[in-house]
Amino acid sequence: MSARNLVLPAILLALALPACDSSADQPPVTDAPLYNSALTGEFDLVDAEGTQVTSADFAGKYQLVYFGYAYCPDVCPFDVTRMMRGYDRFAADYPELAADVQPIFITIDPARDTPEKVGEYTNAFSEDLIGLTGSPEQIEAAASSFFAHYQKLDEGAEADYLMDHSRTGYLVDRAGEPMALIPVEESAEAVAAELEKWVRPADG
């Protein structure tokens, strides 16, 4: 083979390598759609063990946050399933980056979702998913910091009632600032794609 024939494949390989690098498709972090919004991403809640957990506890990590409730008969289970399957897809392709992403489920039904209940609920989806609850005031403050909407549909019911709530995921950056919405209502592939789009190495 001539020297010319050896050089050409090398050039083509060099040109092809950037297309295989996911960072080539990542927009500048400063373009994250929730930056400069009024969302703060702050919360002060308790986990399945009753231990206080605040947003500051995740400093240096990304947070993948979803608001729902354990007694939700249809929407929440599908959304959380898509969220965690998307996270798992991302983790399979980028294990080191996924290790810096913490999935979090925050209930909007503190009257029924005790620490034990949210622990059981989240464990049914993944051991990587943390469940958080708190007092009605704490839940209201947490939801407000994400502009998440929720409302009890039957105010007179004490047990068997439904909750109306917004259904989107949020990605919070390493500094605790909400940066992007995660389409948990769409598909696992869409969730994984958004994580790949925004999650970067700590020194990146």
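**Notes on the predicted model**

1. Asn36 is exposed, with a relative accessible area of 77%. Keep in mind throughout that this is a predicted model. Asn36 sits in the loop between α1 (3-20) and β1 (44-46), and its phi is positive, about 70°, although the residue is not a glycine. Most residues other than glycine have a negative phi. That makes this loop a place to look at by eye.

2. Phe147 goes with Asn36 on the list of backbone points. Its phi is near 55°, again a positive value in a residue other than glycine. Phe147 belongs to the loop between α5 (136-145) and β6 (150-152), and at 56% relative accessibility it counts as exposed.

3. Now to helix α2, residues 75-93. It has 19 residues and reaches 27 Å from its first C-alpha to its last, close to the 27 Å expected at 1.5 Å a residue. Which residues of α2 are buried? They are Cys76, Asp79, Val80, Arg82, Met83, Met84, Gly86, Tyr87 and Phe90. The cover over these buried residues includes β3 (62-68), α3 (95-98), β4 (101-107), α4 (115-123), β7 (163-165) and α6 (188-198). Note that charged side chains are on that buried list, Asp79 and Arg82 among them.

4. What does Arg82 pair with? Its side chain meets that of Asp79 in a salt bridge, 2.7 Å from N to O. Both residues lie in α2, three residues apart, about one turn of the helix. An α-helix has 3.6 residues a turn, so residues three or four places apart point the same way. Asp79 is buried, with a relative accessible area of 0%. The pair is also part of something wider: Asp79, Arg82 and Arg167 are linked in a network of salt bridges.

5. How many salt bridges are there in the model? The count comes to five. One of them joins Arg89 and Glu189, with the closest N and O atoms 3.0 Å apart. This pair links distant parts of the chain, Arg89 being in helix α2 and Glu189 in helix α6, 100 residues apart. Both ends are partly exposed: Arg89 has a relative accessible area of 42%, and Glu189 has 44%.

6. Another salt bridge is formed by Arg174 and Asp100, whose closest N and O atoms are 3.1 Å apart. Arg174 is in the loop between β8 (169-172) and β9 (178-182) and Asp100 is in the loop between α3 and β4, so the pair ties together parts that are 74 residues apart in sequence. Arg174 counts as buried at 16% relative accessibility, while Asp100 is partly exposed at 24%.

7. Arg200 is one to check. It is placed in the segment after α6 and is buried, yet it has no salt bridge. The nearest side chain of opposite charge is that of Asp31, 8.3 Å away, so the pair falls outside the 4 Å limit for a salt bridge. What Arg200 does have is a polar contact of 3.5 Å between its side chain and that of Gln26. Leaving aside residues up to four places away in sequence, Arg200 touches Gln26, Pro27, Pro28, Val29, Tyr62, Leu97 and Arg174. The last of these, Arg174, is the residue that bridges to Asp100.

8. On the cysteines: a search of the whole structure finds zero disulfides. Cys72 is in no disulfide, and the nearest cysteine sulfur, that of Cys76, is 3.0 Å away. Cys76 is likewise in no disulfide, with the sulfur of Cys72 as its nearest, at 3.0 Å. Why is this pair not counted? A disulfide needs the two sulfur atoms within 2.5 Å, so a separation of 3.0 Å does not qualify. Cys72 counts as buried at 7% relative accessibility, and Cys76 is buried with a relative accessible area of 0%.

9. Last, a polar residue in strand β4, Gln102. Is it buried or exposed? At 12% relative accessibility, Gln102 counts as buried. Its contacts, not counting residues up to four places away in sequence, are Phe58, Lys61, Tyr62, Gln63, Leu64, Asp128 and Ile130. Tyr62 is also among the residues that Arg200 touches.

How values were computed:
Residues are numbered from 1 along each chain as its sequence is written. This is a predicted model: local features need pLDDT of at least 70, side-chain atom pairs count only at pLDDT 80 or more; totals for chains, interfaces and linings use all residues. Side-chain values use heavy atoms; hydrogens and water are left out. Helices (H or I, at least four residues) and strands (E, at least two) are DSSP runs, numbered from the N terminus. The expected span of a helix is 1.5 Å times one less than its number of residues. Buried means under 20% relative accessible area, exposed over 50%, partly exposed in between (1.4 Å probe, protein chains only). Contact means heavy atoms within 4.5 Å. A polar contact is a pair of N or O atoms within 3.5 Å; within protein, one must be able to donate a hydrogen and the other to accept it, and residues adjacent in sequence count only if both atoms are side-chain atoms.
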